[in-house]
Amino acid sequence: MIRFWFRGLMRDKSRFLFPFTVVAVGVTLVVALVGFMEGVFMGMIDMTSNLDSGHLRLVNKAFYDEEHLRPLDRALANQRETHDWLVKHSNQEVDWSPRIRWRAILDVPDEQGETRSQTPVMGMGLDLKSPDSKEIERLRLKSSLVEGTLPKGINEMLMGIQLAEVLDVSVGQSVTLLGQSFDGGMVADNYKVAGLVRFGVSAMDKKMVLIDLTDAQNTFYMEGMVTDWLGYFPPSTDFDSYEEVKLSMSASLADWTPPKDWAKDDAPIVLSIRDQQNIGAIMDKFRVIKGFVVGTFTFLMVLVLWNAGILSGIHRYGEMGLRLAFGEPHWKLIVALAIEGLWIGILGSAAGSLLGGGFSWYLQEVGLNMGDSFAQSGLMINDVVRARVTVGGFIQGIVPGVFASVAGTLVASMAIFQRSEANLFRELEAG
Amino acid sequence: MSETLITLERVCKLYQVGEENFTALNDVSLEVGKGAFMSFVGPSGSGKTTLLNLIGGLDRPTTGSVLFQGANLENMSRNQLAAYRRKNIGFIFQTYNLLPVYSVYENVLFPLILNGQKENDVRTRVEEMVGKVGLRDQINKKPAQLSGGQCQRVAIARALVKDPLLILADEPTANLDSENSRQILELMLELNREYKAAVIFSTHDEKVTRFVRREVRLEDGKVSWDKRSDGTEVES
């Protein structure tokens, strides 16, 4: 019987094409929009966590409170012992990376050794030379390298491409870092520019310099010391897991006997990405906005499909009356209509998923260059905005699409329940 | 008289129109035998269609009883009435009411599908029935491609294909010209003889009355006469 009605459904454009189109368009928009929003948002989260915050972060509270000043004297000593503690007290999947955040003046000398150009820079010391380091992959440094090589020797640096352009620095040139050491003294150390990097984040391309962790420790007199420990979960891990591990680690911190070289007032804290740079609030808002978008589209789809169902019901009053007169029970008629709605929902959702998913996939692979718009923003957002094709995005499109189709049909078919067969029969004759 | 198929016992049907009650049928009693070929005639509002609706289990009487082979339709649930119609009743309408997206073959197949039968099992029967009404060459055409007379032939095949005991035909010739009406009535009479299904017409059309074996005239919801074609009265 289902095949018989399905045959009729496929032939009747008025009862198939319009609701199918509504579902397909609705699902396309939801899948594409969710994909785009997820892509932009997750891109921002990934970028922020990889460059700056980690998924988890262990930092001395005193350093965190005055982070903008980069107070190296509040770094944490005993790098190896701290790492062992982190591995022991966090989730085994978390990869911990030590970093030193620093700031200094970068001086570019001319051929006579006199200052040719000079500018304050933000810097990061991180493991760039160990064979098992994941930092190069994490920051996509190989693919971001515009010119030169990654640091291999002592005192080599990577420089943001725009910074190099402003300072008129080329690969192989020697520059000097002028800054403050761990104990407050002035430091000056020469570095060779090994490579120029396009981070893809305007703020970093203009101001960022990367050096190896060991070189940073030597330059700033910080042997065995780091300012931050950034923890990274595997990509598939849910945000909620970050919070769970953070809470568990925070509880363990109280029982930690501090390493001998720590200062008496060192008080490490564990932060998740949610706790930093207002990301938690942004995440919550994103979820609300995403829910609102999906909810609005679902509501609109139900509304349009309900009306489509009513129009189709009026169009098919003769058929309904006939089916009832010929002995199809009410409930079977309603079930048949629901199945019809289900079919339309499934087919429309499939088409919408294909279109919306295709659009998201294109934006995921090719991306949309928004560098000009982000140039002045200072936000840690990749210049090339990419969508993200996720199973969740499809679910958020397909489920409302199918639901709207079935609900719209059922709401419209309530009219059948409210009329007796004889009334339908009379209307059938009148029609 | 042949074996009784339908019995109406003192049937009344009232409709509420605003605050007034309208009496559509008033104390109607009659019997219809198996294989009957009869008509309800009368002016508009006389209660013909209401009577067909009650016999077809589409509506329930306000008072009185409608019995089908001794079973009171009043005692049947909505689903049981649907099953009763599905199994026993064929309908023919003035406006044909064919399903426009289906072919002649599929329109005739439709009641069998409703009865839960598989298309492959009944294909031959459907094709035979289409042949009986003279539309074998049009079997794959859609209703829009057929004339009014051809559409009504499809409706007759559709009503008969499930081999019902009773066919209710509401003004089946009202939309047809004289020649097509004659052909349709001859066809129905022929099929009535062949398939033994009782046929009850509701009609204004005098041509119909020339074909039927019994005529029940209704006026203001009451039976004013009930005669056989030979002029003898039928006792209720």
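**Strand pairing and chain contact in a predicted model**

Strand β1 (residues 56–60) of chain A pairs with β9(A) in the antiparallel sense over four bridges. This is a predicted model, in which local features need pLDDT of at least 70, side-chain atom pairs count only at pLDDT 80 or more, and totals for chains, interfaces and linings use all residues. Residues are numbered from 1 along each chain as its sequence is written, and chains are lettered from A and ligands numbered from 1 in the order in which they are written.

Q: What makes β1(A) and β9(A) a pair?
A: Two strands (DSSP runs of E, at least two residues, numbered from the N terminus) pair if DSSP finds at least two bridges between them. β1(A) and β9(A) have four bridges, so the pairing criterion is met. In one of these bridges, L58(A) has W229(A) as its partner.

Q: How do you know that β2(A) also pairs with β9(A)?
A: Five bridges join strand β2 (residues 95–109) of chain A to β9(A), and the two run antiparallel. Here S97(A) stands opposite L230(A).

Q: Why is strand β9 of chain A called mostly covered?
A: A residue is buried if 20 or more other C-beta atoms, placed from the backbone, lie within 10 Å of its own. Four of the five residues in β9(A) (228–232) are buried.

Q: Why are β2 and β5 of chain B called edge strands?
A: The open sheet has the order β2-β1-β4-β5 (chain B), with antiparallel pairing. β2 (20–33) and β5 (71–72) each pair on one side only.

Q: What makes residues of chains A and B part of the contact?
A: Two residues are in contact if their C-beta atoms, placed from the backbone, lie within 7 Å. The contact takes 21 residues from chain B and 19 residues from chain A.

Methods
Buried ≥ 20, exposed ≤ 12 C-beta atoms within 10 Å, placed from the backbone.
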